[in-house]
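Trainee: Please take a close look at the cysteines here and at whether they are paired, then place that in the wider chain.

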Amino acid sequence: MGIHGLSKVIGDYSPSAVKENEIKNFFGRKVAIDASMSIYQFLIAVRQDGSTLTNADGETTSHLMGMFYRTIRMIENGIKPVYVFDGKPPEMKSGELAKRKERRDDAEKSLKAAEAEGDAENVEKFQKRLVKVTKQHNDECKQLLGLMGVPFIDAPCEAEAQCASLVKSGKVYAVGTEDMDALTFGASVVLRHLTFSEARKMPIKEFHLERILMDMQFTIDEFIDLCILLGCDYCDSIKGIGPKRAVELMKQYRSIENIIKNIDKKKYPLPDVWPFQEARRLFKEPEVADADTVELKWTEPNEEELVKFMVGEKGFSEERIRNGVKKLEKSRTTSTQGRLDNFFKVTPLTSSAKKRKETDSKGPDKKKSKPSGAGRGRKPK
């Protein structure tokens with residue numbers, strides 16, 4: 001779930017902190033990607049006829065197809081992705097996990113009813129709700145990434161926390177995820193829609209934490225308390241306090257403790273068990289691998305082993321896999337030159353600028369008039 005309603009709060013109170021970008025504008029950036037979130041997106045993706053992607057043996061392969069082609073697309077655009085996989089969930093998340101199981105049970109009942117009624121639209125909706133990323137999905141994607149030469153990390157706990165740690169240490173530029181709690185964990189830049197923006201024809205949204213804090217006039221500690229009030233995976237929120245009221249209360253009282261002292265508890269009853277202090281600690285001091293000891297290496301793809309795995313074991317087209325490998329190799333060899341070209345673009349001279357340049361080369365001209373502003377409006381130095 002992440003943080004309930006946080007993206008809308010940011011849009012309302014700090015719109016300047018959100019930029020919309022195309023994938024090509026992240027050329028030369030290293031990005032830590034929430035692997036489980038990406039795999040889930042790939043698993044719920046369907047063909048145009050509404051069927052899921054499987055091989056001849058009936059095994060689901062959409063997660064591998066998505067991971068292979070979307071990763072290649074990022075690398076072609078000069079992005080260096082590193083995937084981070086979830087570890088064990090913190091004990092405090094057990095309540096949220098129990099709620100998710102309950103929702104899955106409800107979705108399963110609804111799916112059976114929709115199938116009995118022949119309601120195709122609801123069948124698809126409830127099937128997506130039942131999709132779950134398994135250990136096998138993760139293991140297969142790790143094997144694929146290793147053969148592609150793309151680094152991945154097994155987080156000891158939450159992937160978003162580990163991704164944020166990599167950003168804070170300067171190892172990567174941003175976190176690529178749909179869960180907004182990457183900001184709560186302290187990531188300075190979060191990219192939403194990165195792994196599917198082109199497929200769905202939508203821009204990548206870039207959130208900047210520093211600007212959010214500046215516009216909302218919050219410290220990072222106050223921002224974390226706001227996120228807990230909005231609703232997070234670790235504890236319930238206060239009943240009756242919506243996003244707008246949560247922001248107002250935080251601006252007035254500056255901490256959850258002060259809010260508790262001053263609100264009408266009959267109007268806003270606190271949850272029976274509300275360990276917000278522990279939730280706060282998890283956001284500020286999450287269990288992560290020391291980013292300074294993490295080594296990120298992007299290497300040459302292993303073409304023959306990729307073909308053996310993706311074609312021999314998973315039933316993909318050999319031609320398509322080999323073509324994908326060629327794109328990976330080409331991107332690796334041209335990325336450095338491409339980056340230089342990107343930073344040092346040559347601006348063609350206009351006819352007026354050419355004439356001025358010729359005049360300047362002949363020496364000073366007493367009758368020369370002031371520059372007219374030709375040449376894209378640049379002032380002469």
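Mentor: A disulfide is a covalent bond between the sulfur atoms of two cysteines; here the term is applied to a pair of cysteine sulfur atoms within 2.5 Å. This is a predicted model, in which local features need pLDDT of at least 70 and side-chain atom pairs count only at pLDDT 80 or more, while totals for chains, interfaces and linings use all residues. Residues are numbered from 1 along each chain as its sequence is written, and side-chain values use heavy atoms, with hydrogens and water left out.

The structure holds zero disulfides. Cys 232 is in none, and its nearest cysteine sulfur, that of Cys 235, is 4.2 Å away. Seen from Cys 235, the closest cysteine sulfur is that of Cys 232, and the 4.2 Å between them is too far for a bond, so the pair stays unbonded in this model. Cys 232 has 4% relative accessibility and therefore counts as buried (buried is under 20% relative accessible area, exposed over 50%, partly exposed in between, with a 1.4 Å probe and protein chains only). Cys 235 is likewise buried, at 8%.

As for the wider chain, 43% of its 381 residues count as buried. The chain has 16 helices and seven strands, taken as DSSP runs numbered from the N terminus (helices H or I, at least four residues; strands E, at least two). Contact means heavy atoms within 4.5 Å; among contacts between residues at least 6 apart in sequence, 71% join residues at least 24 apart.
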